[in-house]
Amino acid sequence: MSGLVLEVNGAQRSVEARGDDILLWVLRNGLNLTGTRFGCGEGQCGACTVLVGGRPVRSCRETLSEVVGSKITTIEGLEQNGRLHPVQQAFLDVEAFQCGYCTSGMIVAAAGLLAVKASPNHEDITAAMAGNICRCGTYPRILEAVARAAAAMKKGASR
Ligand code: FES
Ligand code: FES
């Protein structure tokens, strides 16, 4: 097996892997970034969502050859200088989870939305989050958390 270098959470990381290896398993097993979850493994649930080049993708469906050279951000990389990302904080503030299995994928998907759309309306948020499944049915609080994070980020940006 040969080595590849990935840019993960702002750092260059060497992994013993091949181009056709799946990103999710390299993150979890090769780099010990276990916040990214395995749910369906078929691109259907969103539990494995990470950002690649700022865009939410299903890491269970991405091979390394598709992401080499792109900036990869996992749930562990959203915190900056000891401060939670506003989406992480909002999820905590409104307790937008029960079992928490979907949560990292939800947060990463929301962070991806807010990176490109600072003032999303309810439809924007609903559409962006529609592909992420919560088995516990906490959708109302998840949507509330994303709206709250958007408002917090807007307030922060206007200071
Ligand atoms: S585990 Fe990737 S979409 Fe479900
Ligand atoms: S909080 Fe349990 S799956 Fe979403």
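User: How many helices and strands are there in the protein?
Analyst: This is a predicted model, and the values discussed here are computed from it. From the N terminus on, the elements run β-β-α-β-β-α-β-α-α-α-α. Counted by type, the protein has six helices and five strands.

User: How does the radius of gyration of the protein stand against what the globule rule gives for 159 residues?
Analyst: Along the principal axes, the C-alpha atoms fill a box of roughly 45 × 35 × 25 Å. The globule rule gives 15 Å for 159 residues, and the protein comes close to that value, so it is as compact as a globular protein of that length. The radius of gyration of the protein is 15 Å.

User: What share of the contacts in the protein with a separation of 6 or more comes from residues 24 or more positions apart?
Analyst: Of the 159 residues, 40% count as buried, while the surface that the protein exposes comes to about 8400 Å², with carbon and sulfur atoms supplying 49% of it. Among contacts with a separation of 6 or more, the share from residues 24 or more positions apart is 55%.

User: Which elements do the buried residues of H1 pack against?
Analyst: Helix H1 covers residues 23-30, and its buried residues are Leu23, Leu24, Val26 and Leu27. Just after this helix, Asn32 takes a positive phi of about 60°. The packing partners of the buried residues of H1 are S1, strand S2 (11-16), S3, helix H2 (64-67) and S5.

User: Which residues form the aromatic pair, and is each of them buried, partly exposed or exposed?
Analyst: A search of the whole structure finds one aromatic pair, made by Trp25 and Phe38, which is tilted, with 5.2 Å centre to centre and 45° between the planes. The pair links distant parts of the chain, since Trp25 belongs to helix H1 and Phe38 to the loop between H1 and strand S3 (49-52), 13 residues apart. Trp25 has a relative accessible area of 37% and Phe38 one of 34%. Both values fall between the 20% and 50% limits, so Trp25 and Phe38 are partly exposed.

User: Which residues does Arg37 contact, leaving aside its neighbours within four places in sequence?
Analyst: Arg37 is placed in the loop between H1 and S3, and at 29% relative accessibility Arg37 counts as partly exposed. Although Arg37 and Tyr101 are 64 residues apart in sequence, their C-alpha atoms are 7.2 Å apart in space. With neighbours within four places left aside, the contacts of Arg37 are Leu24, Arg28, Ala47, Cys48, Tyr101 and Ser104.

User: At what distance from the ring centre of Tyr101 does Arg135 lie?
Analyst: Arg37 lies over the face of Tyr101, at 5.5 Å from the ring centre. Arg135 also lies over the face of Tyr101, and its distance from the ring centre is 5.1 Å.

User: Is Thr103 buried or exposed, and which residues is it in contact with beyond its neighbours within four places in sequence?
Analyst: Thr103 lies in helix H4, which covers residues 103-116. Its relative accessibility is 10%, under the 20% limit, so Thr103 counts as buried. Outside its neighbours within four places in sequence, Thr103 is in contact with Phe91 and Phe97.

User: Where in the chain do Glu7 and Lys71, which meet in a salt bridge, lie?
Analyst: The side chains of Glu7 and Lys71 meet at 3.3 Å, N to O, and at 53% relative accessibility Lys71 counts as exposed. This salt bridge links distant parts of the chain, 64 residues apart, with Glu7 in strand S1 (residues 3-8) and Lys71 in strand S5 (residues 71-73).

User: How many salt bridges does the count come to?
Analyst: Besides the bridge of Glu7 and Lys71, the side chains of Asp20 and Arg18 meet at 3.1 Å, N to O, where Asp20 is partly exposed at 48% and Arg18 is partly exposed at 44%. The side chains of Lys117 and Asp124 meet at 3.9 Å, N to O, a distance within the 4 Å limit for a salt bridge. Lys117 counts as partly exposed at 37% relative accessibility, and Asp124 is partly exposed at 21%. The count of salt bridges comes to three.

Conventions
Residues are numbered from 1 along each chain as its sequence is written. Chains are lettered from A and ligands numbered from 1 in the order in which they are written. This is a predicted model: local features need pLDDT of at least 70, side-chain atom pairs count only at pLDDT 80 or more; totals for chains, interfaces and linings use all residues. Side-chain values use heavy atoms; hydrogens and water are left out. Rings of Phe, Tyr and Trp (its six-membered ring) pair if their centres lie within 6.5 Å; planes under 30 degrees apart count as stacked, over 60 as edge-to-face and the rest as tilted. Helices (H or I, at least four residues) and strands (E, at least two) are DSSP runs, numbered from the N terminus. Buried means under 20% relative accessible area, exposed over 50%, partly exposed in between (1.4 Å probe, protein chains only). A charge sits over a ring if NZ of Lys or CZ of Arg is within 6 Å of the ring centre and within 35 degrees of the ring normal. The radius of gyration is taken over C-alpha atoms; the globule rule is 2.2 Å times the number of residues to the power 0.38. Contact means heavy atoms within 4.5 Å. Accessible areas come from the Shrake-Rupley method with a 1.4 Å probe; for residues, only the protein chains shown count as cover.
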